[in-house]
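I opened this notebook to record, step by step, what I looked up in the structure. I begin with the chain as a whole and then turn to one strand and its partners.

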Amino acid sequence: MSVYYSEDHEWIEVEGDLGTVGITDYAQGQLGDITFVDLPEEGATVAKGDSIAVVDSVKAASDVYTPVSGEIAETNDALADEPELVNSDPEVGGWLFRVKLADASELEELMDEAAYKKFVAGL
Amino acid sequence: MSEISDFENDPDLEPIEPAILPLDAWHRDKGARMVEFAGYPMPIQYEGILAEHLWTRESAGLFDVSHMGQLYIAPAEGAEIDVEAALEAALPIDLATLKTGSVRYSLLLDEEGGILDDLMVTRWNSGFYLVVNGATKWDDIGTLREYLPDEVNINHLDESALLALQGPKAVDALARHAKGETPLTELKFMKGAAYTLGGVDAWISRSGYTGEDGFEIAIPGEEAAKVADLLCGEPEVKPIGLGARDSLRLEAGLPLYGHDMSPEQGAVEAGLIFGVNKRRRAEGGFPGAARVQKDLAEGTQRLRIGLALEGRMAAREGAKVMSGDSEVGVVTSGGFAPTLQHPIAMAYVDTALAANGTALQIEMRGKRLDARVVAMPFVPNRYVR
């Protein structure tokens, strides 16, 4: 099991050919209080870099880009009633969607935790 | 010495400093996240917009609004001019019914009746005190200069800071420190008076931009940090950023210049005809009067209205308002209403669809959000009249 990070502040935790995607703690801190999460349809085919979810905060709406291509296997139903989970627990309970990876080699273009921390420190 | 290097020694030329407001360091010290707004770094939030919003609704929030333009309109020294008549020729306000210390909302209109700004006018002893929006203040000064005779001075009180203390407990916190002829608790909504706050001279009016009871406090910039500390030392008070200021004013149904009104709209269309006082509607004699009178007589194609949305997805500025397949309007402000726990929006829609209860839809990111026209304010005002 490995976790990768994108420059758009998504994380993806990969187990076999299934990746769980959310936004990072840094991202939720920047967005502020999250009031709604618009999630993709299960079964939808998505391409790396597509905007497939939206995180609404009191301040603004922000796109979430899928860090990998594939098919949406599951979305986090708990966020319908508790969107604030993305604030309180962004990298575990506040996950957004699971995607069945179409091409595992896309993960190589993402950062590992150390690289992402360095990336954020440079912002 | 060459002429060019003379610039460095020219006593009339001051170095250009980056625009910083008096409480800049104070905000940073309180942990604010700063963003640029109206040309200044300003605090968008401290602990978080939601918490700050709810705190203001239940207790008291201190807002720094020193970016706003404070102007003092008075006769030039030695000039024999009726400043009241001059200001009435510039603004659609009825000053005859505005008593000393009273505050009134008005509009700055262009010659075609488009809205250049909205503003507060207070009668002082020998002139009028105006508070205008921060982003428009320089243009407003230019427009007013054009509208007012040379014998009338426009004094930009740019060394004065402006704070707002808003919320149901604002009066308790402020009354402990405000010393003046009129006890603070007896000051009514849209009235102002001179006080001292911890020894600092302050002009305080019972007014604001949140829909709550509250006060706006003008003080010398160099004393602003002292007064902010004094007020935040009260258990009811926390500093509140611009983020919550925006969500609070939206719930209160108060329009934001540059978003919910612009030179594109007139006073009638924008639902701000109360900013054009009754006598002036009939008499005219101010820039844009013809448009106001025509719009009052004939109505306008669109009107600014409030929308309550189903679900939790917020509509944002620029979103199309739809009725069936027809585009019937546009959202000018929108967001999640923390007090109501559902999204709300302001929009301009076709007048035929502006009645309360009308079912409309908003197009957001390829989806249709169900919405209903509702009366504003979305959250009831709690002004102390």
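Entry one, the inventory. I kept in mind that this is a predicted model, and I counted the elements of chain B, which come to 10 helices and 20 strands.

Entry two, the overall dimensions. Taken along the principal axes, the C-alpha atoms of chain B fill a box of roughly 70 × 55 × 50 Å. I then compared the radius of gyration of chain B, 22 Å, with the value near 21 Å that a compact globule of 385 residues would have, and the two agree.

Entry three, burial and contacts. I looked up how much of chain B is buried, and 47% of its 385 residues count as such. I also noted that, when I take the contacts in chain B between residues at least 6 apart in sequence, 66% of them join residues at least 24 apart.

Entry four, strand 9. I asked how many of the seven residues of strand 9 of chain B, residues 160–166, are buried. Six of them are, so strand 9 is largely enclosed by the rest of the structure.

Entry five, the partners of strand 9. I found that strand 3 of chain B, residues 60–64, runs antiparallel to strand 9 and is joined to it by four bridges, with B:F63 standing opposite B:A164 of strand 9. Strand 13 of chain B, residues 214–220, also pairs with strand 9 in the antiparallel sense, here over seven bridges, and in this pairing B:L162 stands opposite B:A218 of strand 13.

Methods. Residues numbered from 1 in each chain as written. Chains lettered and ligands numbered in written order. Predicted model: local features only at pLDDT ≥ 70, side-chain atom pairs only at ≥ 80, totals over all residues. Helix = DSSP H or I, 4+ residues; strand = E, 2+ residues; numbered from the N terminus. Rg over C-alpha atoms; globule rule 2.2 N^0.38 Å. Buried ≥ 20, exposed ≤ 12 C-beta atoms within 10 Å, placed from the backbone. Contact = placed C-beta atoms within 7 Å. Pairing = 2+ DSSP bridges.
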